[in-house]
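Student: I have a structure to look at, and I would like to understand how the labels used for it are justified. Could we go through some of them together, setting each value against its cut-off?

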Amino acid sequence: MSEHRSSTLALRLKDTGQVFALGREPLTIGRRPDNTIALRDSSVSRQHARIEWRPEGPVIVDLGSSHGTYVNERRLSGPRLLQPGHVVRVGNTVLMVESVRQPAAAPARGTRGRSPGWLLVAGVALALVAALALLLAAGGALLPDGGEANTALPGNGQGEEEPSPTAAPTQAEAVTVAPSPAPPTAEPTAAPPTAEPTAAPPTAEPTAAPPPTAAPPSPTPVPEYPAPALVAPSEQEANGVRGPVTFAWSYPRALVDGEGFQVLIWKDGQEHNGAASLTRETQQTIDLDVVLPGRGGDGEYLWTVVVRRDAPGEALLSPEAAPRRLVYAGVDSGPALPNECAAFTCDGCDSWNSDNPLCTQCQCP
């Protein structure tokens with residue numbers, strides 16, 4: 001029999017394969033352990049994003065995270081409906097939106113499931129009745145012969161047997177009685193082996209074996225633009241640096257015209273802004289004394305590399321590489337910015353987050 005299944009959407013972690021079904025209850029993503037999907041990713045905010053069910057389906061919303069939430073490598077600026085095949089990225093963690101199958105409820109047990117048991121009871125009862133009938137028939141055949149043998153041996157009135165012809169039937173009867181108590185031919189009918197196949201109903205077993213609750217995971221699509229791999233400086237080499245620093249990375253493919261690598265440097269809580277113009281080389285030297293005083297001065301920063309198009313406002317072509325720590329021990333950063341946007345800077349306005357209400361008064365340098 002074919003089995004009907006219903007489909008639902010689920011999120012699958014690319015790295016571990018763990019699956020989270022998208023139901024009617026809201027689902028949260030972040031670093032805090034009380035999130036539905038708790039991630040150990042330093043680039044993920046404590047409460048990063050939420051997935052809630054709306055009439056049109058599951059919708060993902062960014063919760064004001066530092067590094068943003070991406071669907072198909074497009075940063076969210078509002079709610080986004082999720083569909084099978086979408087790729088969600090929070091920080092450096094990738095989640096795949098997939099359609100999984102759920103089995104229909106198992107049918108209730110009815111008389112058809114119990115019929116093999118009744119057939120077994122009926123077969124055993126029939127075998128017992130047949131055996132009892134054979135025993136009664138054998139006993140009935142013995143009783144008349146024994147009675148005639150007793151009446152065929154009268155005395156002659158003096159306690160002696162008469163050698164009369166009437167004694168002959170006793171010998172004849174003894175001959176006829178001998179085969180009657182041994183009816184081996186009736187024994188095969190008393191043990192009906194044909195009832196045994198009905199006692200083993202293998203057809204009832206398939207209903208007890210539940211099918212898998214999820215379809216096999218679909219193959220993970222290979223991104224056209226993978227994240228670069230950072231090479232130098234290491235976190236130990238970048239502890240207490242200043243002045244010109246050479247950043248290096250590796251990439252598995254060559255870039256074409258209009259594409260380039262960009263080094264991003266930021267403090268925790270700031271936008272991921274570019275520190276220099278795009279390059280098609282796999283290394284770039286940046287003077288930190290020129291870039292970082294206006295972004296917070298001395299202290300701890302994070303840096304990474306991305307692939308993007310050489311045009312303002314274009315979406316990133318690749319995910320960000322896993323960021324590395326950098327400690328800047330530079331010159332005095334000068335007076336602080338006069339408003340709440342001191343923690344945010346913009347690099348040529350191409351990566352400026354104009355939707356942030358705190359930065360409406362900030363001006364690009």
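Tutor: What follows is a set of questions about labels in this structure, which is a predicted model.

Student: What makes the pair of glutamate 98 and arginine 12 a salt bridge?

Tutor: A salt bridge requires a side-chain nitrogen of Lys or Arg within 4 Å of a carboxyl oxygen of Asp or Glu, and the side chains of arginine 12 and glutamate 98 meet at 2.7 Å, N to O, so the pair satisfies the definition. Glutamate 98 lies in strand β11 (residues 93–103) and arginine 12 in strand β1 (residues 5–13), so this salt bridge ties together parts that are 86 residues apart in sequence. Both glutamate 98 and arginine 12 are buried, and the structure holds 10 salt bridges.

Student: Why is glutamate 52 called buried, and why is arginine 50 called partly exposed?

Tutor: Buried means under 20% relative accessible area, and partly exposed is the range between that and 50%. Glutamate 52 has a relative accessibility of 19%, so it counts as buried, whereas arginine 50, with a relative accessible area of 27%, is partly exposed. The side chains of these two residues, arginine 50 and glutamate 52, meet in a salt bridge at 3.0 Å, N to O, and Arg50, Glu52 and Arg54 are linked in a network of salt bridges.

Student: How do you know that arginine 89 and glutamate 73 form a salt bridge, and where do they lie?

Tutor: Their side chains meet at 3.2 Å, N to O, and the limit is 4 Å, so the pair qualifies. Arginine 89 is in strand β10 (residues 87–90) and glutamate 73 in the loop between β7 (69–71) and β8 (74–75), 16 residues apart, and the pair links distant parts of the chain. Both residues, arginine 89 and glutamate 73, are buried.

Student: What is notable about the phi of glutamate 73?

Tutor: Most residues other than glycine have a negative phi. Glutamate 73, however, has a positive phi near 60°, and asparagine 72, found in the loop between β7 and β8, has a positive phi of about 55° although it is not a glycine. Asparagine 72 is partly exposed because its relative accessible area is 36%.

Student: Why is valine 305 called buried?

Tutor: Valine 305, in strand β17 (residues 299–309), has 0% relative accessibility, and the cut-off is 20%, so it counts as buried. Not counting residues up to four places away in sequence, valine 305 touches several residues, including Leu230, Trp249 and Phe261.

Notes
Residues are numbered from 1 along each chain as its sequence is written. This is a predicted model: local features need pLDDT of at least 70, side-chain atom pairs count only at pLDDT 80 or more; totals for chains, interfaces and linings use all residues. Side-chain values use heavy atoms; hydrogens and water are left out. Helices (H or I, at least four residues) and strands (E, at least two) are DSSP runs, numbered from the N terminus. Buried means under 20% relative accessible area, exposed over 50%, partly exposed in between (1.4 Å probe, protein chains only). Contact means heavy atoms within 4.5 Å.
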